[in-house]
Amino acid sequence: MLATGYQYTIGSKGSNTHETTIINVSTFKLPDLKSDVEFLDYILKSRAATPVTGRFDNMKNSESLVPLNGATCVKYSSLSVDKSAKTAEGNTTMFLESIGYNCQHPNNKSVGVNIEYSSRYFSATDESQLESKSAELFSSVKFKEF
């Protein structure tokens, strides 16, 4: 779907043509952070700064400081109702669920890496495999030297 020097996105259709699964990996610049607690605080503030558009109703959100394959990361999990999901037939209501990690690159603390696995689906669909599918992806992550 997208490939640049800073972002790579791939996707697939779900069981319904409007349902999607997306994997996104992107890098971003981090300020000079002196501790894991400062890193956590920075990520929490960045995630909270997302503009409120009225399109999404957040149902669930969790964030915690965790290691991932040698990196210090903030793992997040969220579930929202998208009240204006765009489809070929027009706008509709769907669920948007995501699990991801915002990490400090272990070889360069000024580089942040976001890895996210998300799924957009209708309420009639049970997306119970999101946790196991995303865990498989995240366990395979390898941070390479720049």
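Trainee: Which residue stands opposite threonine 27 in strand 7?

Mentor: Valine 113 stands opposite threonine 27 there. Keep in mind that we're looking at a predicted model.

Trainee: And what makes strand 3 and strand 7 count as a pair?

Mentor: Pairing takes at least two bridges between the strands. Strand 3 and strand 7, residues 111–121, have ten bridges, so they qualify. Their sense is antiparallel.

Trainee: How do you know that strand 2 and strand 3 pair as well?

Mentor: Run the same check. Strand 2 (residues 7–13) and strand 3 (residues 20–29) share seven bridges against a cut-off of at least two, so they pair too, again in the antiparallel sense. One of the bridge partnerships is serine 12 with threonine 21 in strand 3. Strands 2 and 3 also make a hairpin, with six residues between them.

Trainee: What is the overall pattern along the sequence?

Mentor: It reads β-β-β-α-β-β-β-β-α, which comes to two helices and seven strands.

Trainee: Why is the protein called as compact as a globular protein of that length?

Mentor: Set its radius of gyration against the globule rule. The protein has 16 Å, the rule gives 15 Å for 146 residues, and those values are close, so the description holds. As for the box filled by the C-alpha atoms, it is roughly 50 × 30 × 30 Å along the principal axes.

Trainee: What makes you say that cysteine 73 and cysteine 103 form a disulfide?

Mentor: Their sulfurs are 2.1 Å apart and the cut-off is within 2.5 Å, so the pair passes. A search of the whole structure finds one disulfide.

Trainee: Why is the disulfide called right-handed?

Mentor: The torsion about its S-S bond is about 105°, so right-handed is the label. The bond ties together distant parts of the chain, with cysteine 73 in strand 5 and cysteine 103 in strand 6, 30 residues apart. Both cysteines are buried.

Trainee: Which residues touch the most other members of the largest nonpolar core?

Mentor: That core has 15 residues, and those two cysteines are on the list, along with Leu68, Tyr101, Ile115, Phe138 and Phe143. Two or more residues come from each of strand 5, strand 6, strand 7 and helix 2. Strand 7 gives the largest share, four residues. There's also a second, separate core of five residues, including Leu30, Leu33, Phe39 and Val74.

Trainee: What does phenylalanine 138 touch, leaving out residues up to four places away in sequence?

Mentor: Its contacts are Leu68, Asn69, Ile99, Gly100, Tyr101, Ile115 and Tyr117.

Trainee: Over to strand 6, where serine 98 lies. Why does serine 98 count as buried?

Mentor: Buried means under 20% relative accessible area. Serine 98 has 7%, so it falls on the buried side. Setting aside its neighbours within four places in sequence, it contacts Tyr76, Ser77, Ser78, Glu116, Tyr117, Ser118 and Leu130.

Trainee: What percentage of the 146 residues is buried?

Mentor: Buried residues make up 36%. On the outside, the accessible surface comes to about 8700 Å², with 53% of it belonging to carbon and sulfur atoms.

Key:
Residues are numbered from 1 along each chain as its sequence is written. This is a predicted model: local features need pLDDT of at least 70, side-chain atom pairs count only at pLDDT 80 or more; totals for chains, interfaces and linings use all residues. Side-chain values use heavy atoms; hydrogens and water are left out. A nonpolar core is a set of buried Ala, Val, Leu, Ile, Met, Phe, Trp, Tyr and Cys residues joined through side-chain atoms within 4.5 Å. Buried means under 20% relative accessible area, exposed over 50%, partly exposed in between (1.4 Å probe, protein chains only). Contact means heavy atoms within 4.5 Å. The radius of gyration is taken over C-alpha atoms; the globule rule is 2.2 Å times the number of residues to the power 0.38. Accessible areas come from the Shrake-Rupley method with a 1.4 Å probe; for residues, only the protein chains shown count as cover.
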